[in-house]
Amino acid sequence: MTTILEAQPPADPMRKAMMVAQNSTMATALMNVGGGYVMGFGFSLFGSMISAETATQSMGAADFFRYSVRSAHRMGVSFCFFGFLFGGIEVALEKRRGRKDKWNPTISGALIGGAYGWRSYKYPGLAAGVVGGAAFSLLFEKMMDWMGFAQR
């Protein structure tokens, strides 16, 4: 029988690094960067392929594809930034509050929605952004819970 006082074998450096990354706020936020970019790029590229804008109808195939990829990149960067902020704020709230519940993403969504709304429409945008961001985050969290993907 071994006790706590006996010498333990040294921890594997790779396992130690993975544990630090798993518990890090920055690592979680950076994972959201990649996911946000792929999601924004994909949504925008798919949307541009099925849209019928009059400005793009007169373009050739190569110009249309170049335009679509450029706008998809811009949308990907925007989603990337949103994901970074959302993930970072959510994990920071989890650590600060000491709980992992549905209110962390809801508060995070409200803060980011309010910031995006303020940037566009000042006070009306702030109010709509807070309510919309919180509602969307809460709805998304409920959906994830219903599907069995909740992390609690």
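Let's start inside the protein, at Thr106: with a relative accessibility of 7%, this residue counts as buried, because the cut-off for buried is under 20%. The model you are looking at is a predicted one, and Thr106 is a good place to begin reading it.

Thr106 belongs to helix H5. If you set aside the neighbours within four places in sequence, Thr106 is in contact with Ala134, Ser137 and Leu138. Follow the first of these partners and you arrive at Ala134, which is also placed in helix H5. Along the chain, Ala134 and Thr106 are 28 residues apart, yet their C-alpha atoms are separated by 4.8 Å. Ala134 counts as buried too, at 17% relative accessibility. Its contacts, again leaving out neighbours within four places in sequence, are Thr106, Gly109, Ala110 and Gly129.

While you are in helix H5, have a look at Lys122, which has its place there as well. What is the sign of the phi angle of Lys122? The phi of Lys122 is positive, about 55°, although this residue is not a glycine. At 45% relative accessibility, Lys122 counts as partly exposed.

Now step back to the whole chain. The secondary structure comes to 5 helices and 0 strands, and reading along the sequence gives the pattern α-α-α-α-α. How spread out is a protein built this way? Its radius of gyration is 21 Å, whereas the globule rule gives 15 Å for 152 residues; the value for this protein is well over that, so the protein is more spread out than a compact globule. The spans of the C-alpha trace along the principal axes add to the picture, at about 80 × 40 × 30 Å. Of the 152 residues, 25% are buried. Contacts across the sequence are worth a thought here as well: take those between residues at least 6 apart in sequence, and 60% of them join residues at least 24 apart.

The protein is divided into two parts, domain 1 (18-80) and domain 2 (101-151). Taken over C-alpha atoms, the centres of domain 1 and domain 2 are separated by 21 Å.

This division helps in placing the largest pocket. Where does the largest pocket lie with respect to domain 1 and domain 2? Both domains give residues to its lining, so the largest pocket lies between them. Its volume is about 1200 Å³. The elements giving two or more residues to the lining are helix H2 (25-50), helix H4 (61-97) and helix H5 (103-147). In total, 35 residues line the largest pocket, and those nearest its centre are Asn32, Phe86, Gly87, Glu90 and Phe140. By residue type, the lining divides into 13 nonpolar, 15 polar and 7 charged residues.

Helix H2 is worth a visit of its own, with two residues to compare. Ser48 is found in helix H2, and so is Phe43. Which of them is buried and which is exposed? Ser48 counts as buried, at 12% relative accessibility. Phe43, at 53%, counts as exposed, because the exposed class takes in values over 50%. Not counting residues up to four places away in sequence, Ser48 touches Phe64 and Ser68. Ser48 can also be set against Phe79, 31 residues apart along the chain, with 16 Å between the two C-alpha atoms. For Phe43, a reference point is Leu93: these residues are 50 apart in sequence and 29 Å apart in space, C-alpha to C-alpha.

Finally, turn to the start of the chain. Pro10 lies in the segment before helix H1 (13-22). With a relative accessible area of 78%, Pro10 is exposed. How far is Pro10 from Gly87, C-alpha to C-alpha? The two residues are 77 apart along the chain, and 32 Å separate their C-alpha atoms. Gly87 is one of the residues that lie nearest the centre of the largest pocket, so the walk ends by linking the exposed Pro10 back to the pocket that lies between domain 1 and domain 2.

Notes: Residues numbered from 1 in each chain as written. Predicted model: local features only at pLDDT ≥ 70, side-chain atom pairs only at ≥ 80, totals over all residues. Heavy atoms only, no water. 1 Å grid on protein atoms, 1.4 Å probe; cavity = no way out; pocket = protein on both sides within 12 Å on 5 of 7 lines; lining within 4 Å. Points joined across faces, edges and corners; volume = space filled by probe spheres on them. Helix = DSSP H or I, 4+ residues; strand = E, 2+ residues; numbered from the N terminus. Nonpolar A, V, L, I, M, F, W, Y, C, P; charged D, E, K, R; others polar. Domains from an automatic or database assignment. Rg over C-alpha atoms; globule rule 2.2 N^0.38 Å. Buried < 20%, exposed > 50% of the residue type's maximum accessible area, 1.4 Å probe, protein only. Contact = heavy atoms within 4.5 Å.
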